[in-house]
Amino acid sequence: MASQKLNLTVDQGTDFSETLIAKNADGTVQDVTGFSASGQIRKSYTSDTATNFTVSFGDVAKGEVIISLARAQTSSLPASRYVYDVELTSAANKRSRLAEGQVTVTQEVTRDGAIDFVTEVRWRILNLRISQYQLGRLNTNKSDKQHSN
């Protein structure tokens, strides 16, 4: 089986899916009946942590292998560049690489209301603490001026 070089773009906070076609070295489609598959994204080739693709099969006679990431997974990936690969294992337990390349995760702008609410509460707490700190300093300064008179 020929390994495909394919760079992917994943939009942070969205559901991602890509259909890959398994091909033989001569370019013909590889029937993937009886195969299993797995794939991962890592920050670098030597990273200890990984995000696993969900891998399923479409039309196995046409070599269709579908990789996907759920919205919760793409939301947890910081916008950056990563590496990935997808490997197939035949019924005879022969493993080969189907695809590899870079994954670019693009920054999400739109966020769910719940995320906005949590962010808003954090900002309000921070601003309240800053205000309390400044008020405490103001009161301390007033007390110092009153004691000095």
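Strands here are DSSP runs of at least two residues, numbered from the N terminus. With that naming in hand, here is a walk through the chain, which is a predicted model.

**Overall layout**

The chain holds two helices and nine strands. Read from the N terminus on, the elements go β-β-β-β-β-β-β-α-β-β-α. Of the 149 residues, 25% are buried. If you look at contacts with a separation of 6 or more, 60% come from residues 24 or more positions apart. The exposed surface comes to about 10,000 Å², and carbon and sulfur atoms supply 50% of that area.

**The core**

In soluble globular proteins, nonpolar side chains tend to be buried together. In this chain, the largest nonpolar core has 21 residues, and the ones with the most contacts inside it are Ile 41, Phe 53, Tyr 84, Leu 98 and Val 103. At least two core residues come from each of these strands: E2 (8-11), E3 (16-21), E7 (64-69), E8 (80-89) and E9 (95-106).

Phe 53 is a good residue to click on. Setting aside residues up to four places away in sequence, Phe 53 touches Leu 8, Phe 16, Gly 39, Gln 40, Ile 41, Ile 67, Ser 68, Leu 69, Tyr 84 and Val 86. Two of the names in that set, Ile 41 and Tyr 84, are also listed with Phe 53 among the residues with the most contacts inside the core.

**The pocket**

Rolling a probe the size of a water molecule over the atoms shows where empty space is left. The largest pocket has a volume of about 160 Å³. Its lining is made of Gln 40, Ile 41, Arg 42, Ser 44, Tyr 45, Val 83, Tyr 84, Asp 85, Arg 97 and Glu 100. Strand E4 (36-42), E8 and E9 each put at least two residues into that lining. Sorted by class, you get four nonpolar, two polar and four charged residues. Ile 41 and Tyr 84 turn up here again, as lining residues.

**Three loop residues**

Now for the loops. The table sets out where three residues sit and how much of each is accessible.

| Residue | Loop | Relative accessible area |
|---|---|---|
| Gln 30 | between E3 and E4 | 19%, buried |
| Gly 34 | between E3 and E4 | 55%, exposed |
| Asn 93 | between E8 and E9 | 63%, exposed |

Gln 30 counts as buried because its 19% falls under the 20% cut-off. Leaving out neighbours within four places in sequence, Gln 30 is in contact with Met 1, Ala 22, Lys 23, Asn 24, Phe 35, Val 60 and Gly 63. For one of these partners, Val 60, the C-alpha to C-alpha distance is 8.5 Å, with the two positions 30 residues apart in sequence numbering.

Gly 34 counts as exposed because its 55% is over the 50% cut-off. With neighbours within four places again left aside, Gly 34 is in contact with Thr 89, Ser 90 and Ala 91. Gly 34 and Ser 90 are 56 residues apart along the chain, yet their C-alpha atoms are separated by 6.5 Å.

Most residues other than glycine have a negative phi. Asn 93 has a positive one, near 70°. Asn 93 is also exposed, at 63%, in the loop between E8 and E9.

Methods
Residues numbered from 1 in each chain as written. Predicted model: local features only at pLDDT ≥ 70, side-chain atom pairs only at ≥ 80, totals over all residues. Heavy atoms only, no water. Core = buried A, V, L, I, M, F, W, Y, C linked by side-chain atoms within 4.5 Å. Buried < 20%, exposed > 50% of the residue type's maximum accessible area, 1.4 Å probe, protein only. Helix = DSSP H or I, 4+ residues; strand = E, 2+ residues; numbered from the N terminus. Contact = heavy atoms within 4.5 Å. 1 Å grid on protein atoms, 1.4 Å probe; cavity = no way out; pocket = protein on both sides within 12 Å on 5 of 7 lines; lining within 4 Å. Points joined across faces, edges and corners; volume = space filled by probe spheres on them. Nonpolar A, V, L, I, M, F, W, Y, C, P; charged D, E, K, R; others polar. Areas by Shrake-Rupley, 256 points an atom, 1.4 Å probe, with all protein chains shown as cover.
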